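Me: I'd like to learn how to read helix packing and pockets. Could you walk me through an example?

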Amino acid sequence: MRGVSWVGVGGVGGDRDNGAVTDTGAVNAAKSERGASSPENPWPVRTISIKVAQWIERLGAVWVEGQITQINLRPGTRTAFLVLRDPAADMSLSVTCDPELLRNSPVPLQEGSRVVVYGKLSFFTGRGTISLRVTEIRPVGIGELLARIERLKGLLAAEGLFDERLKRPIPFLPRRIGLITGRASAAEHDVVTVATQRWPAAKFEIRNTAVQGPTAVPQILEAIAALDAHPEVDVIVLARGGGSVEDLLPFSDETLCRAIVSAKTPIVSAIGHEPDNPISDYVADLRAATPTDAAKRVVPDAAAEMALLRELTERAAAALRGWVDRESRALAQLRSRPVLAEPLRLLDQRYDEAERLRSAGRRAVEHLLTAESTTTRHLREKLTAVGPAATLARGYAVVQRVTGSERHVVRSIDDSPAGSQLRIRVADGAVTAAALGSQPLGPRPRKESTDDRE
């Protein structure tokens, strides 16, 4: 499946017609010119041509696989000319063969056919060209192609390239859609038409390439690289309509599959119809059954999104109204409670209670003050009754003996000897007098002498 690959090497011998190296004398002439070339001693063209021919002669016969891109079979000629191209690279090789090989092929050979040829390379010194002279051509059948695809699929699966964890998400609304498809193809029309119908503002970056044949893979690889480097391309769609197994072979090419995995931009594979499953469907980030399905996958439906937006808006409004109604009922229930219906009721109750307590306290204080005032009055009256002022008011007097600045209450006639200065206090003042003498009221008690005490 890798195109021009060296599969096997045959013997050293081979055909030497059509201008190939056949002149032994020319070979001997080349051998005679020995020594390194220099500006003073350059090699002529014939020498380098002969040396190249000798090196190519040593390669011998090889098996080569490729895709026929050109067949030049003229009636009456003894040589048929073909161009064999590598399906995965922009490389080709000129091939010559006997026309009978083409006519007797079990499968009709035409441009685009996959073949395996056996032949030997020849360098034509006259024109300086290389041609592969083949002696056997084997068409690659559908069974062999499918078997190779299955082997490649198993190889890539073993490497983990089909792992879902490697799949990159497709953006909801890409800024620009990269589209790789055939020029003026039905796939391009379907993708662009359906995408713009679903989302009128969708923008495309289209790369038209070959989608079958030997030039498809190189062109698709170039388009993927260009779109992957584009700063505004958010998704790449690889689209092609249905076709035969041979037509869809480029999308099972190993180089293309690895490029899809290596791309940084998500890639959608929309190759063929629903039954078609090239390997690109497995390595792509998203597989679409058809190009129309790819258009539906990469852009949203504006009408559906508007309907969804309206639905979500209505649901949000209904939810908001329900929430407001629920909270309004809760507030009404709270407001209907006594504590909120009459918020000052508890304050009034506390105020009345405080007033009662204050009145009771005032009454208790007044009662206490009255009782204490009465008690104080009684005590005052008692004190007044037993006090010296009341006694003096009844005609009594307080007699004090004045000695210098000191005063001593006279309690006995002994305290006021004759001649003592007295101060007599009465109810309304004091009288100064002098003691003229004393007169006892009765027999006086005898004082104990010192001898009696002993």
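Me: At what angle do helix α5 and helix α9 pack?

Reply: Helices (H or I, at least four residues) are DSSP runs, numbered from the N terminus. Axes are lines fitted to C-alpha atoms over the stretch in contact, and angles run from 0 to 180 degrees between N-to-C directions. Here α5 (residues 186-198) and α9 (residues 291-298) pack at about 30°, their axes 8 Å apart. Angles under 35 degrees count as roughly parallel, so α5 is roughly parallel to α9. This is a predicted model, where local features need pLDDT of at least 70, side-chain atom pairs count only at pLDDT 80 or more, and totals for chains, interfaces and linings use all residues. Residues are numbered from 1 along each chain as its sequence is written, and side-chain values use heavy atoms, with hydrogens and water left out.

Me: Which residues in α5 meet α9?

Reply: Contact means heavy atoms within 4.5 Å. In α5, A187, D190, V191, V194, A195 and R198 meet P291, T292, A295 and K296 of α9. By class, this α5 contact with α9 has 6 nonpolar, 1 polar and 3 charged residues. Ala, Val, Leu, Ile, Met, Phe, Trp, Tyr, Cys and Pro count as nonpolar, Asp, Glu, Lys and Arg as charged, and the others, Gly among them, as polar.

Me: How does the packing of α6 and α7 read?

Reply: Apply the same reading: α6 (residues 216-229) and α7 (residues 254-262) pack at about 10°, with axes 10 Å apart. That makes α6 roughly parallel to α7. I220, L221 and I224 in α6 meet T255, L256, A259 and I260 in α7. The contact of α6 with α7 has 6 nonpolar, 1 polar and no charged residues.

Methods
Helices (H or I, at least four residues) and strands (E, at least two) are DSSP runs, numbered from the N terminus. Angles under 35 degrees count as roughly parallel, over 145 as roughly antiparallel, 65 to 115 as roughly perpendicular and the rest as oblique.
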